[in-house]
Amino acid sequence: EEKNVISDSFGKSFLPVGSYPIGIGINSVTNKLYVANQFSNSISVIDSSTDTIQSTIQVDNFPYDLEVNPFNNRIYVTNRESNTVSVIDGSTNQRLSKINVGDSPVGISINPSLNMIYVTNLNSKSLSIIDGIDNKINKTIKFNEPIYGVAVNPLTNLVYISNLINNTLSVLDGQMNKIISKIAVETLPTAI
């Protein structure tokens, strides 16, 4: 029987979590680890100092990836089959709200200094830009190809988005919310 666990770097299993753990994030300020359990539609909250599960939070269908904003202690989870992002309060381990985004949200990244959240929507070929103050979509940028991974450099306010089909990274200026360049990479770029 297959167990759903988090393992250490030596492959030793030590923490049981929900079914099909896939996304993981850490709040280094609170020392909490968050795991997206895709088939359980839940997030496991782990106290990293004691390696114990503190809570399990139900979210929408097929949680895929998550990001933590350590400044406001919010956790944002992409729910791939529900086309939503769940917002979790890290202090209470309660789901606060959900944000409707594009079709099949997969990648997520946060610029914590500006409290902006970037979500790639695979099937709708779009990037949702969410203002973390009111959790509303600030802008949606359409692409000509499917996009997947996303990462933010908070020092430069540049956002990098992987374009699956044309093997590039799009570079978005986070101030203007405009693509300013593309970088050629290898075949099928996904995670950044």
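**Close-up views of the predicted model**

**View 1. Ring pairs join Tyr-20, Phe-39 and Phe-62 into a cluster.** The model is predicted, so local features are described only where pLDDT is at least 70 and side-chain atom pairs only at pLDDT 80 or more, while totals for chains, interfaces and linings take in all residues. Residues are numbered from 1 along each chain as its sequence is written, and side-chain values use heavy atoms, without hydrogens or water. Searching the whole structure turns up three aromatic pairs (Phe, Tyr or Trp rings, six-membered for Trp, with centres within 6.5 Å). Tyr-20 and Phe-39 are a stacked pair (planes under 30 degrees apart), because their ring centres are 4.8 Å apart and their planes meet at 25 degrees. Tyr-20 belongs to the loop between β2 (13–16) and β3, and Phe-39 to the loop between β4 (32–37) and β5 (42–47), so this pair ties together parts 19 residues apart in sequence. Strands here are DSSP E runs of at least two residues, numbered from the N terminus. Tyr-20 is partly exposed (a relative accessible area between 20% and 50%, with a 1.4 Å probe on protein chains only) at 40%, and Phe-39 is partly exposed at 48%.

**View 2. Tyr-64 and Tyr-148 meet edge-to-face (planes over 60 degrees apart).** Their centres are 6.3 Å apart, with 85 degrees between the planes. Tyr-64 sits in strand β7 and Tyr-148 in strand β15, so the pair ties together parts that are 84 residues apart in sequence. Are these two residues buried or exposed? Both Tyr-64 and Tyr-148 are buried (under 20% relative accessible area). Look also for Arg-80, whose charged end sits over the ring of Tyr-64 (CZ within 6 Å of the centre and within 35 degrees of the ring normal). That charged end is 5.2 Å from the ring centre.

**View 3. Arg-95 and Asp-60 meet in a salt bridge (Lys or Arg side-chain nitrogen within 4 Å of an Asp or Glu carboxyl oxygen).** Their N to O distance is 3.0 Å. The two are 35 residues apart and link distant parts of the chain, with Arg-95 in strand β10 (residues 94–100) and Asp-60 in the loop between β6 (52–58) and β7. Arg-95 is partly exposed at 38% relative accessibility, whereas Asp-60 is buried at 12%.

**View 4. Arg-74 forms a salt bridge with Asp-89.** Here the closest N and O atoms are 3.6 Å apart. Arg-74 lies in strand β8 (residues 74–79) and Asp-89 in strand β9 (residues 84–89), 15 residues apart, so to speak a link between distant parts of the chain. Arg-74 counts as partly exposed, at 24% relative accessibility, and Asp-89 as buried, at 13%.

**View 5. The side chains of Lys-182 and Glu-145 form a salt bridge.** The N to O distance is 3.9 Å. Because Lys-182 lies in strand β18 (residues 178–184) and Glu-145 in the loop between β14 (136–142) and β15, the pair ties together parts 37 residues apart in sequence. Lys-182 is partly exposed, with a relative accessible area of 47%, and Glu-145 is buried, at 10%. Elsewhere, salt bridges that share partners bring Asp-60, Arg-95 and Lys-98 into one network. A search of the whole structure finds four salt bridges.

Methods
Helices (H or I, at least four residues) and strands (E, at least two) are DSSP runs, numbered from the N terminus.
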